[in-house]
Amino acid sequence: MCRFMVYKGKDEILLSELILNPSHSILTQSFDSRLRLDRRRPHNGDGFGIGYYTSPSLGPEPCVFTSTIPAWNCINLSRIASKTTSSLLFAHVRATTEGNLSEQNCHPFSYKRLMFMHNGGIGCFKQIKRKLAMSLNEQWFTLVQGSTDSEWAFALFLDSLDKAGVSPDSEPGKSGFGHSVLRKAILKTIERINGFIRDVVGEENMGNADSRSLLNFAVTDGESVVCTRYVSSTTDEAASLFFSSGTSWKQLKGDHSPDSGKPEDEDRNYVMERRDKGSDIVLVASEPLTFERDNWVTVPTNSTLTISKQTVMIHPIIDSFYSPNPAHERSAGFAQAKGQTVTGPDKRVLNDTKTPGSSAGSPHRSLNADDLVNGAIRRLRVE
């Protein structure tokens with residue numbers, strides 16, 4: 001599975017401070033994704049992409065750079081990131097689930113001022129692809145250039161936005177389309193995906209076997225950002241998603257003196273600092289970029305995260321897979337089988353080690369000290 005990262009700040013930041021320099025940057029995660037539990041495919045090496053917004057004088061559309069070269073082996077990424085600044089960045093490293101290796105299949109996808117990326121997979125995609133495609137207006141049907149379920153999800157988002165009376169071709173001005181508009185469109189996208197799957201498998205099989213979807217989406221209009229952490233199941237956990245906010249993103253000063261024995265580029269650990277109650281910076285990531293547990297908050301399963309003017313808002317996604325019970329337990333098995341890390345609201349990494357007396361197939365979670373996100377992040381350090 002993939003990994004993605006979002007940065008939104010009041011000020012521009014050098015892209016290398018996010019995607020290159022930190023010890024556990026998104027680039028590092030392309031070859032060393034240690035919170036990813038599927039050791040059969042430990043790499044996110046099937047291409048990458050970055051999308052960022054530039055000066056308004058250059059237009060409202062983002063600049064998007066994608067490549068099928070593994071991120072760790074692309075010298076052009078280093079060249080661009082070390083000389084480019086932006087206040088809103090999307091970054092994505094890919095491990096294929098649907099679609100072949102091509103630039104058309106690399107995230108993020110964009111249309112006009114909108115940008116979109118996905119971590120996860122659509123259940124029963126081959127069975128619902130035709131129905132999904134035929135539901136789109138011709139403009140959005142013909143927009144799809146690649147073969148991934150993710151790009152079809154973006155086309156479905158654009159179609160949902162358009163059918164809600166907000167044309168993606170319109171120029172909404174400095175404030176963008178508005179975070180509530182984006183959120184409603186992404187919720188409609190999820191609803192429609194579930195509807196297509198329900199038509200194929202029937203109501204009784206929703207949330208079972210291959211009908212389950214992992215839908216961690218991120219969408220932006222250059223002003224607001226909406227992310228989802230979602231699984232179409234009442235008994236399974238969604239893939240991991242974290243956020244961090246503060247007033248400054250700084251590298252911790254280490255001992256790189258000639259006598260320390262450490263090269264200058266080793267242990268480049270960063271920290272999110274908070275000097276007041278404001279949030280000048282918001283980061284959203286599939287996997288934490290720092291080793292400070294308190295820097296990161298777990299986004300609850302089946303929720304949206306909205307960033308509007310540096311304010312972070314969390315809303316539950318209330319549908320047939322929603323549970324109002326805060327003690328509702330979910331299994332980590334499905335997401336782990338897809339190569340994903342999953343975490344509960346208590347910041348613990350969940351696993352499916354059987355608890356005494358648990359029956360096979362029953363939803364449960366077994367937690368121990370090694371499962372803490374704190375411990376998992378600590379293991380990211382290279383001793």
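The following legends describe close-up views of a predicted model.

Residues are numbered from 1 along each chain as its sequence is written, and side-chain values use heavy atoms, with hydrogens and water left out. Because the model is predicted, local features need pLDDT of at least 70 and side-chain atom pairs count only at pLDDT 80 or more, whereas totals for chains, interfaces and linings use all residues.

**Figure 1. The buried and exposed residues of helix 4 (residues 125-134).** Helices (H or I, at least four residues) and strands (E, at least two) are DSSP runs, numbered from the N terminus. A residue is called buried under 20% relative accessible area, exposed over 50% and partly exposed in between, for a 1.4 Å probe and protein chains only. In helix 4, Phe 125, Ile 128, Leu 132 and Ala 133 are the buried residues. These residues lie on the same side of helix 4 because they cover an arc of only 140 degrees around the axis, the arc being that of the directions from the helix axis to the C-beta atoms. An α-helix has 3.6 residues a turn, so residues three or four places apart point the same way. Gln 127, Arg 130 and Met 134 are exposed on the other side of helix 4. The cover over the buried residues of helix 4 includes helix 5 (138-141), helix 6 (149-163) and helix 7 (179-201), where contact means heavy atoms within 4.5 Å.

**Figure 2. The aromatic pair of Phe 48 and Phe 65.** A pair of aromatic rings is described by the distance of the centres and the angle of the planes. Rings of Phe, Tyr and Trp (its six-membered ring) pair if their centres lie within 6.5 Å; planes under 30 degrees apart count as stacked, over 60 as edge-to-face and the rest as tilted. The whole structure contains 7 aromatic pairs. The ring centres of Phe 48 and Phe 65 are 5.8 Å apart and the planes stand at 70 degrees, so this pair is edge-to-face. Phe 48 belongs to strand 2 (residues 48-52) and Phe 65 to strand 3 (residues 63-67), so that the pair links distant parts of the chain, 17 residues apart. Phe 48 is buried, with a relative accessible area of 2%, whereas Phe 65 is partly exposed, at 21%.

**Figure 3. The aromatic pair of Tyr 111 and Trp 140.** Here the ring centres are 5.2 Å apart and the planes stand at 90 degrees, so the pair of Tyr 111 and Trp 140 is edge-to-face. Tyr 111 lies in strand 5 (residues 109-111) and Trp 140 in helix 5, so the pair ties together parts 29 residues apart in sequence. Tyr 111 counts as buried at 13% relative accessibility, and Trp 140 counts as buried at 1%.

**Figure 4. The surroundings of Leu 114 in strand 6 (residues 114-121).** Leu 114 is buried, with a relative accessible area of 0%. Leaving aside residues up to four places away in sequence, Leu 114 touches several residues, including Tyr 53, Pro 62, Phe 154, Phe 157, Leu 182 and Asp 221. The C-alpha atoms of Leu 114 and Asp 169 are separated by 9.7 Å, although these residues are 55 residues apart along the chain. Phe 154 and Phe 157 also belong to one aromatic cluster with Phe 116 and Phe 217.

**Figure 5. An open sheet of 6 strands and the helices packed on the sheet.** Two strands pair if DSSP finds at least two bridges between them. The strand order is 5-6-7-8-14-15, with antiparallel pairing. Strand 5 and strand 15 (311-316) stand at the edges with a single partner strand each, so one side of each is left without a neighbour in the sheet. On average, neighbouring strands are turned by 15 degrees against each other, direction ignored. Strand 14 (residues 303-308) pairs with strand 15 over 6 bridges, and Leu 305 stands opposite Ile 314 in strand 15. Helix 6 lies across strand 5, strand 6 and strand 7 (214-220), running at about 130 degrees to strand 6. Helix 7 touches strand 6, strand 7, strand 8 (225-229), strand 14 and strand 15, and its direction makes about 150 degrees with that of strand 7. Axes are lines fitted to C-alpha atoms, for helices over the stretch in contact, and angles run from 0 to 180 degrees between N-to-C directions.

**Figure 6. The antiparallel partners of strand 1 (residues 3-14).** Strand 1 is joined to strand 4 (residues 85-93) by 8 bridges, with Arg 3 opposite Val 93. Strand 1 is also joined to strand 12 (residues 281-285), by 5 bridges, and Leu 283 is the bridge partner of Tyr 7.
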